[in-house]
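Got the model open? Here's a quick tour of a few spots to find and click on as you read.

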Amino acid sequence: MMLLAPGRVREPKSLRAGRPPVRLIDDDDRVLAVTADPASEVAALPALLDRIATGDSEAFARFYDLTSDRVYGMVLRVLRDPGFSEETTQEVFLQVWRSAQAFDPKAGSALSWLITLAHRRAVDRVRSESAASRRDVTYGLESMRSTFDEVTEAVESREVTREVVGCLDTLSEVQRQSVDLAYYHGLSYREVAERLTVALPTVKSRIRDGLKRLRQCLGDRHV
Amino acid sequence: MSDDELLDLAPAVGLDAVHGTELDEVTQRLDSASLEVRDAFHREVTATREAMANVSHVTAMAPPQTLRDRVLAAARAEAAAPTDETPVPPAPESPAESPSATVIPLQRRRRILYAAAAAVVAVAIGAIGWVIGVASSSDDAPTPTAEQVFAAGDVRSTSGDVATGRATVTYSPSADAGVLVMNDVPPPQPGTVYQMWLVGPTGETSAGTMTDEDVAPSTTAVIEGLGDATALAFTVEPPGGSTAPTGPFVAELPFS
């Protein structure tokens, strides 16, 4: 039968609970939480990755606490399923644990590195595992609300996110729609074109120009 | 594909919206492009990703606390057993995967869950010397139990407070086993032990005991033979444990 007495692990203090993310926003339908991440906390990420690369599990716990809500929130937008999203988030963080040394500060910010890992995984998953069911959804455009729109409505009054949301608002409606379908629905730009029944060059330029506006507004900051 | 066409695609690549053979094509084309074009392409991709990292601020949402427990336990387990010693099944996914690594070498491909799970076993066997009553416990090879749990299609978790700490059981009915992780659970008073019970339709079956020395700030244990148990419960018992609970449950984690 069963029977295993429990025991002690070797590094008793290394993985103790850290400070949980600060929840700022609760919405009736979708609970949105936004981490308060002062510049100092985000600025700590590269140093934490250095420590994680040496096997420092305390640094890993801290890194998780500072970033898990960003990863999970984005992944959930793509996968739209809490269970899949938890699995994917777990995979992402274990990847960080194993390959923190692959982070190259010259190639971009630590947060961007992390979100890129997470997005790639989420897109891989949504494309490989639910291709069939996604296709059903693909043409139900009318009923679809874009992630950007939801976000804009939910957080518009919050100082902490007003700036980013304001930047999303600088995109035209069609630009926002194209970026949204590509990024949060895991569609290729070709599939975006199909879905919107517009020409490929049109979609390419909507994405390109939309990103340009977003970047200009954000100032290409590393946040 | 002209240089302009190539650069035109960079934002879409940054959004992971170019896939399959087309992405291969972009990668090849990039390899033969001038340094100037390559740099411009990478700048575009990088800037796109920085922008979306910024946007992740407004989609942020706190995952369940149980996820934190699982992630940290899996990482801890890996630290105890290096992954290169662990046989790993091939990753289940891959469609648009390999080419994208060439475009922006920001990450390395990994196979995740299985290695992590196998390593949990190594913790159970290696770092903790306490396996009782399991057929493979004396083998060098780790028991497949925890690995089965983490890899099972029906893996789920349950958690609850134990005194001032938190306990989570990640379990799988098909593997008939679970992995218990306790964080910040205070040790039992000297002269007493915590005893775990599988609560089923026919009563409680002991699932082991923990002395004050067993309980660390982070404690992990494998529980096998879940059977038709509906919950894992904890009681405080005299040293050595009891054959049946003698006091009230101090904590109970229901299996759904």
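Below are some notes on chain A as a whole, three of its helices, one residue in chain B and a strand in chain B. Keep in mind that this is a predicted model.

**Chain A in outline**
- Chain A has 11 helices and 1 strand.
- If you walk along the sequence, the pattern reads β-α-α-α-α-α-α-α-α-α-α-α.
- Of the 223 residues in chain A, 50% are buried.
- Take the contacts in chain A between residues at least 6 apart in sequence: 63% of them join residues at least 24 apart.

**Helix H9 of chain A**
- H9(A) covers residues 173–184, and 10 of its 12 residues are buried, so you can call this helix mostly covered.
- The buried ones are A:Gln175, A:Arg176, A:Gln177, A:Ser178, A:Val179, A:Asp180, A:Leu181, A:Ala182, A:Tyr183 and A:Tyr184.
- Does the length add up? At 1.5 Å a residue, the 12 residues of H9(A) should span 16 Å, and the end C-alpha atoms are 16 Å apart, which agrees.
- Just after H9(A), look for A:Gly186, which has a positive phi of about 65°.

**Where H9 meets H11 in chain A**
- Two packed helices are described by the angle between their axes and the distance between the axes.
- Here, H9(A) packs against H11(A) (residues 200–218) at an angle of about 100°, and the axes are 8 Å apart.
- Angles of 65 to 115 degrees count as roughly perpendicular, so that's the label for H9(A) and H11(A).
- On the H9(A) side, the contact is made by A:Val174, A:Gln175, A:Arg176, A:Ser178, A:Val179 and A:Ala182.
- H11(A) brings A:Val203, A:Arg206, A:Ile207, A:Asp209, A:Gly210 and A:Leu211 to the contact.
- Sorted by class, this contact has 6 nonpolar, 3 polar and 3 charged residues.

**Helix H10 of chain A**
- In H10(A) (residues 189–196), the buried residues are A:Tyr189, A:Glu191, A:Val192 and A:Ala193.
- What covers them? The cover includes H9 and H11 of chain A, together with helix H1 (3–14) of chain B.
- A:Thr197, just after H10(A), takes a positive phi of about 45°.

**B:Leu9, over in chain B**
- You'll find B:Leu9 in helix H1 of chain B.
- Is B:Leu9 buried or exposed? It has 26 other C-beta atoms within 10 Å, so B:Leu9 is buried.
- Leaving aside neighbours within four places in sequence, B:Leu9 is in contact with A:Lys204, B:Val18 and B:Val26.
- B:Leu9 and B:Val45 are 36 residues apart in sequence, while their C-alpha atoms are 9.2 Å apart in space.

**Strand S3 of chain B**
- S3(B) runs over residues 177–183, and 7 of its 7 residues are buried.
- Both faces are covered: one side has B:Ala177, B:Val179, B:Val181 and B:Asn183, and the other has B:Gly178, B:Leu180 and B:Met182.
- S3(B) pairs with S2(B) (residues 165–172) in the antiparallel sense over 7 bridges, and B:Ala167 has B:Met182 as its bridge partner.
- S2(B) and S3(B) form a hairpin with 4 residues between them, and B:Asp176 in the turn has a positive phi of about 55°.
- S3(B) is also joined to strand S6(B) (residues 218–224) by 7 bridges, and these two run antiparallel.
- To spot that pairing, find B:Ala177, which stands opposite B:Glu224 in S6(B).

Notes: Residues are numbered from 1 along each chain as its sequence is written. Chains are lettered from A and ligands numbered from 1 in the order in which they are written. This is a predicted model: local features need pLDDT of at least 70, side-chain atom pairs count only at pLDDT 80 or more; totals for chains, interfaces and linings use all residues. Axes are lines fitted to C-alpha atoms, for helices over the stretch in contact, and angles run from 0 to 180 degrees between N-to-C directions. Angles under 35 degrees count as roughly parallel, over 145 as roughly antiparallel, 65 to 115 as roughly perpendicular and the rest as oblique. Two residues are in contact if their C-beta atoms, placed from the backbone, lie within 7 Å. Ala, Val, Leu, Ile, Met, Phe, Trp, Tyr, Cys and Pro count as nonpolar, Asp, Glu, Lys and Arg as charged, and the others, Gly among them, as polar. A residue is buried if 20 or more other C-beta atoms lie within 10 Å of its own, exposed if 12 or fewer, and partly exposed in between; C-beta atoms are placed from the backbone. Two strands pair if DSSP finds at least two bridges between them. The expected span of a helix is 1.5 Å times one less than its number of residues.
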